[in-house]
Amino acid sequence: MFWKVVAPLLALCLAVASAGLVGGPVPADLNEEGVQNALQFAVVQHNKASNDMYIREVSKVISVQKQVVSGLKYIFTVEMARTGCRKGGVEEVCAIELDPNTAQPQTCKFSVWSQPWLNSIKLVENTCQ
């Protein structure tokens with residue numbers, strides 16, 4: 001009798017554990033519109049908060065995840081590099097500097113919390129190394 005009750009519970013626990021953390025971050029498709037919008041928002045906010053007089057752009061996407069919270073949380077790990085465009089300029093497209101000394105690449109982690117039904121989007125993490 002004991003094993004008839006415990007065995008199904010044990011199987012369920014193992015299945016849940018092997019499937020990953022429910023509600024945890026999962027890999028996201030960089031081509032999704034929501035992911036693209038969140039990354040663009042993060043880059044704009046990063047540049048606004050930076051003391052650098054040049055705009056930085058994403059030179060490489062290392063990882064993208066999303067998590068269902070009270071809305072969606074997008075988690076990006078990216079490499080950011082300096083462009084030749086000064087902040088406040090009128091340039092539409094800013095190419096990343098080719099010289100690594102000028103580009104000064106750095107790895108950044110951005111977390112963006114989006115609640116579209118409230119028309120709310122916030123950058124909740126902006127750390128670079």
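## Helix H2, its cover and the links between strands

The buried residues of helix H2 are Val35, Ala38, Leu39, Ala42, Val43, His46 and Asn47. Seen around the axis, these residues cover an arc of only 165 degrees, which puts them on the same side of H2. This description, like everything that follows, concerns a predicted model. On the other side of H2, by contrast, Glu33, Gln40 and Lys48 are exposed. The helix itself runs over residues 33–49, so that its 17 residues reach 24 Å from the first C-alpha to the last, which is close to the 24 Å expected at 1.5 Å a residue.

What covers the buried residues of H2? The cover includes four strands, namely E2 (54–69), E3 (71–86), E4 (106–115) and E5 (120–128). These strands return in the rest of this report, since the residues discussed below are often found in them.

### Contacts of two strand residues

Glu57 lies in strand E2, and with a relative accessible area of 29% this residue is partly exposed. When residues up to four places away in sequence are not counted, Glu57 touches Val43, Glu79, Met80, Ala81, Thr83, Cys94 and Ile96. One of these contacts, Val43, is listed among the buried residues of H2. For another of them, Glu79, the C-alpha atom is separated from that of Glu57 by 8.4 Å, although the two residues are 22 residues apart along the chain.

Gln115, in turn, has its place in strand E4, and at 9% relative accessibility it counts as buried, the limit for that word being under 20%. Leaving aside the neighbours within four places in sequence, Gln115 is in contact with Ser70, Gly71 and Ser120.

### Disulfides

The structure holds 2 disulfides, and when the bonded cysteines are counted along the chain, they follow the pattern 1-2, 3-4. One disulfide joins Cys85 to Cys94, with a distance of 2.3 Å from S to S, and both of these cysteines are buried. The torsion about the S-S bond of Cys85 and Cys94 is about -110 degrees, so this disulfide is left-handed.

The other disulfide joins Cys108 to Cys128, with 2.1 Å from S to S. Here the torsion about the S-S bond is about 110 degrees, so the disulfide of Cys108 and Cys128 is right-handed. This pair links distant parts of the chain, because Cys108 is in strand E4 and Cys128 in strand E5, 20 residues apart. Cys108, at 1% relative accessibility, counts as buried, whereas Cys128, at 31%, counts as partly exposed.

### Salt bridges

How many salt bridges does a search of the whole structure find? The search finds 3, and they are set out in the table with the distance from N to O.

| Basic residue | Acidic residue | N to O distance |
|---|---|---|
| Lys66 | Glu32 | 3.0 Å |
| Arg56 | Asp52 | 3.7 Å |
| Arg82 | Asp52 | 2.8 Å |

The salt bridge of Arg82 with Asp52, in which the closest N and O atoms are 2.8 Å apart, links distant parts of the chain, with Arg82 in strand E3 and Asp52 in the loop between H2 and E2, 30 residues apart. Together with Arg56, these two residues are linked in a network of salt bridges. Which degree of burial do the members of this network have? Arg56 is buried, with a relative accessible area of 4%, Asp52 counts as buried at 15% relative accessibility, and Arg82 counts as buried at 17%.

The side chains of Glu32 and Lys66 also meet in a salt bridge, and this pair too links distant parts of the chain: Glu32 is in the loop between strand E1 (26–27) and H2, while Lys66 is in strand E2, 34 residues apart. Glu32 is partly exposed, with a relative accessible area of 29%, and Lys66 is partly exposed as well, with 23%.

### An aromatic pair

A search of the whole structure finds 1 aromatic pair. It is formed by Tyr74 and Phe76, which are stacked, with 6.5 Å from centre to centre and 20 degrees between the planes. Tyr74 is buried, with a relative accessible area of 6%, and Phe76 is buried, with a relative accessible area of 0%.

Terms used
Residues numbered from 1 in each chain as written. Predicted model: local features only at pLDDT ≥ 70, side-chain atom pairs only at ≥ 80, totals over all residues. Heavy atoms only, no water. Helix = DSSP H or I, 4+ residues; strand = E, 2+ residues; numbered from the N terminus. Expected span 1.5 Å × (residues − 1). Buried < 20%, exposed > 50% of the residue type's maximum accessible area, 1.4 Å probe, protein only. Arc of directions from axis to C-beta. Contact = heavy atoms within 4.5 Å. Disulfide = S-S within 2.5 Å. Phe/Tyr/Trp six-rings, centres within 6.5 Å; stacked < 30°, edge-to-face > 60°. Salt bridge = Lys/Arg side-chain N within 4 Å of Asp/Glu carboxyl O.
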